[in-house]
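Got the viewer open? Let's take a walk through this one, stop by stop, with something to select at each.

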Amino acid sequence: MRIAHFFHALDPAEGGTFRVMMNMAISTAEMGHDVEVWALSIPDPEAEDVRRLKEAVRVVHHPGPAGRLSRAGVERFSGDFERIDLLHLHTLWRPLSWHASRLAKLAGVRTILTMHGMLMEHPMSISRLKKRLYLPLIGKRTLGNVDVVQMLNSEESRQSRLVGVDFPY
């Protein structure tokens, strides 16, 4: 299978979500799948984790202004969908995920979104108002575009229902 993981910035400072995405991409490639990682930003191309990722998978860098997808970037990424069977998203809280999920749907590419605990109580308490506004305006559009939402456990699923997101979506 040809899989692209889409992550806004290949930056180890992003913490756990970056590392989980990196390990998923590398492990999937080791299983024999053709794996790419698409990113808008690579702040330190020589960082150890970034080098390790580049050694294992194809990294596609489409720089955009301030980590946003430019018109030219949209056109470049649109062409990239022809090379993949599955798009794997790793964040809900960026309009970029909505945009990528919409482009994938238009291209007939199946999409999975791993939530990484984003809808659980503690992460939802950080920038609470912003997330409460974003979720119904853009977040639910992203969820409506994806084919599969991956929760890490039943508690994550239970807590997502508390903020008004019930699965399957």
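**First stop: helix 7**

The face of helix 7 that is turned away from its buried side carries two exposed residues, Ser154 and Leu162. Keep in mind as you click around that this is a predicted model.

Now select residues 154-162, the whole of helix 7, and pick out the buried ones: Glu156, Ser157, Gln159 and Ser160. Their arc around the axis covers only 170°, so they sit on the same side of helix 7. What do the buried residues of helix 7 pack against? Show 121-125 and you have the partner, helix 5.

Next, look at the two ends. At the N-terminal end, asparagine 153 caps helix 7, with a side-chain oxygen 3.1 Å from the backbone nitrogen of glutamate 155. Just after helix 7, go to glycine 164, where phi is positive at about 90°.

**Second stop: the sheet**

Switch to cartoon and show the strands. Six of them form an open sheet in the order 3-2-1-4-5-6, and the pairing is parallel. Strand 3 (58-61) and strand 6 (148-150) stand at the edges with a single partner strand each, so one side of each has no neighbour in the sheet. From one strand to the next, the twist averages 25°.

Now select helix 1, residues 16-30. Helix 1 lies across strand 1, strand 2 (34-39), strand 4, strand 5 and strand 6. Relative to strand 2, helix 1 runs at about 155°.

**Third stop: strand 4 and its partners**

Select 86-89, which is strand 4, and turn on the side chains. Which residues point one way, and which the other? Leu86 and His88 go one way, Leu87 and Leu89 go the other, and all are buried. That fits the general pattern: in a regular strand, side chains alternate between the two faces of the sheet.

Add residues 2-6 for strand 1, which pairs with strand 4 in the parallel sense over four bridges. Two pairs are worth labelling here. Isoleucine 3 has leucine 86 as its bridge partner in strand 4, and alanine 4 stands opposite leucine 87.

Then add residues 110-114 for strand 5. Strand 4 and strand 5 also pair in the parallel sense, over four bridges. Label histidine 88 and isoleucine 112 in strand 5 to see them standing opposite each other. To follow the chain between these two strands, show residues 95-107: the path leaves strand 4, passes through helix 4 and arrives at strand 5, and this β-α-β crossover is right-handed.

**Fourth stop: threonine 111 and serine 97**

Stay in strand 5 and select threonine 111. Is threonine 111 buried or exposed? Its relative accessibility is 2%, and threonine 111 counts as buried. Leaving out residues up to four places away in sequence, threonine 111 touches Leu86, Leu87, Leu89, Ala104, Val146, Asp147 and Val148. Check its side chain too: a polar atom there lies 3.5 Å from the backbone oxygen of valine 109. If you draw a C-alpha to C-alpha distance from threonine 111 to serine 101, you get 6.8 Å for two residues ten apart in sequence.

Now hop to serine 97, in helix 4. Serine 97 is buried, with a relative accessible area of 4%. Which residues is serine 97 in contact with, leaving aside neighbours within four places in sequence? Show Leu89, Thr91 and Thr142 to see them.

**Last stop: two positive phi values**

Most residues other than glycine have a negative phi. Here are two to compare with that rule.

Select histidine 116, in the loop between strand 5 and helix 5. Phi of histidine 116 is near 50°, which is positive in a residue other than glycine. Histidine 116 is buried, at 15% relative accessible area.

Then move on to serine 127, in the loop between helix 5 and helix 6 (128-145). Serine 127 is not a glycine either, yet its phi is positive at about 55°. Is serine 127 buried or partly exposed? Its relative accessible area is 44%, and serine 127 is partly exposed.

Terms used. Residues numbered from 1 in each chain as written. Predicted model: local features only at pLDDT ≥ 70, side-chain atom pairs only at ≥ 80, totals over all residues. Heavy atoms only, no water. Buried < 20%, exposed > 50% of the residue type's maximum accessible area, 1.4 Å probe, protein only. Pairing = 2+ DSSP bridges. Right-handed = clockwise from strand over helix to strand, strands pointing away. Axes fitted to C-alpha atoms, helices over the stretch in contact; angles between N-to-C directions. Contact = heavy atoms within 4.5 Å. Arc of directions from axis to C-beta. Polar contact = N/O pair within 3.5 Å; in protein donor to acceptor, adjacent residues only side chain to side chain.
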